[in-house]
Amino acid sequence: LTLPFWQRLVPGLRHIICLRNPFDVARSEQRRNPFTFEKCCYLWLTYTLHALCETAGRQRMFLWTDALVSSWPERLDQLAAFLDRPGLAEDPAIRAAVADHVDEGLWHHRSATSTRRSPVVVGGSRQVVDIMSELYADLRERDAIDTERALRLLQEALALVAPVARRKQAARDRRDRARRRERIRESADELAAIVDADETYILVD
């Protein structure tokens, strides 16, 4: 989302767009944040839309998470070539550093490469899933990205998922606030049971 700022700051910027199965991204996002699945899909669509829009007509390379993890030496060669620094890929120190950081155990959610038969349902509908699956397949399987088609698919999916994501996330936020208020009441009751009303206590966290 801040890419236009960096493009103005660094002319001639080369862009590496990292992409991953959108439904795996959504599941990983749910592990980190109290978001609904629909909101996580909305975020993937939004970020991907901006990435494609802001790099259209510019130097860019697409990098796939599963390919990076499973065959990083080949991806390292491609990255070095894209940056016009092919010799860097052969540097033993660089290869050792990459090998040390690529950890397949950190790849927690992994679906099949294709999402065309994904059992996922977004917002009670298969329509968003079908559009996202079609988009993911286009981005992954085509030699040259059809940016106009990809943007159209992204906008179609966003138009469908945005209202559902807002509604479901609002409902989840209300439940979370209610649970927090209940925990606060329970804690207050526990304190009231052990604290003498005539005494003053200072709680330090």
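# Exercises on salt bridges and exposure

In this predicted model, Ala56 has a relative accessible area of 38% and is partly exposed.

**Exercise 1.** Explain why Ala56 is classed as partly exposed, and state where Ala56 lies in the chain.

*Solution.* Begin with the relative accessible area of Ala56, which is 38%. Next, recall that buried means under 20% and exposed means over 50%, with partly exposed in between. Because 38% falls between these two cut-offs, Ala56 is partly exposed. As for its place, Ala56 sits in the loop that joins α3 (37-55) to β2 (60-64). One may add that Ala56 and Ile145 are 89 residues apart along the chain, while their C-alpha atoms are separated by 9.9 Å.

**Exercise 2.** Determine which parts of the chain are linked by the salt bridge of Asp77 with Arg95, and how exposed Asp77 and Arg95 are.

*Solution.* First, take the contact itself: the closest N and O atoms of Asp77 and Arg95 are 3.7 Å apart. This lies within the 4 Å that a salt bridge requires, so the pair Asp77 and Arg95 qualifies. Then place the partners: Asp77 belongs to helix α5 (residues 72-82) and Arg95 to helix α6 (residues 92-101), so that the pair, 18 residues apart, links distant parts of the chain. Finally, consider exposure: Asp77 is partly exposed at 34% relative accessibility, and Arg95 is also partly exposed, at 23%.

**Exercise 3.** Describe the salt bridge of Glu134 with Arg149 and name the network to which Glu134 and Arg149 belong.

*Solution.* Start with the distance, which is 2.5 Å between the closest N and O atoms of Glu134 and Arg149. The pair links distant parts of the chain, since Glu134 is in helix α7 (residues 127-141) and Arg149, 15 residues away, is in helix α8 (residues 147-194). Glu134 has a relative accessible area of 28% and is therefore partly exposed. To complete the picture, Asp138 joins Glu134 and Arg149 in a network of salt bridges.

**Exercise 4.** Work out how Asp176 and Arg179 are spaced in helix α8, and whether Asp176 is buried or exposed.

*Solution.* Asp176 forms a salt bridge with Arg179, and their closest N and O atoms are 2.2 Å apart. Because the two residues are three residues apart in helix α8, about one helical turn separates Asp176 from Arg179. At 14% relative accessibility Asp176 counts as buried, whereas Arg179, with 42%, is partly exposed.

**Exercise 5.** State how many salt bridges the structure holds.

*Solution.* The structure holds 10 salt bridges, and among them are the pairs Asp77 with Arg95, Glu134 with Arg149, and Asp176 with Arg179.

Terms used. Residues numbered from 1 in each chain as written. Predicted model: local features only at pLDDT ≥ 70, side-chain atom pairs only at ≥ 80, totals over all residues. Heavy atoms only, no water. Salt bridge = Lys/Arg side-chain N within 4 Å of Asp/Glu carboxyl O. Helix = DSSP H or I, 4+ residues; strand = E, 2+ residues; numbered from the N terminus. Buried < 20%, exposed > 50% of the residue type's maximum accessible area, 1.4 Å probe, protein only.
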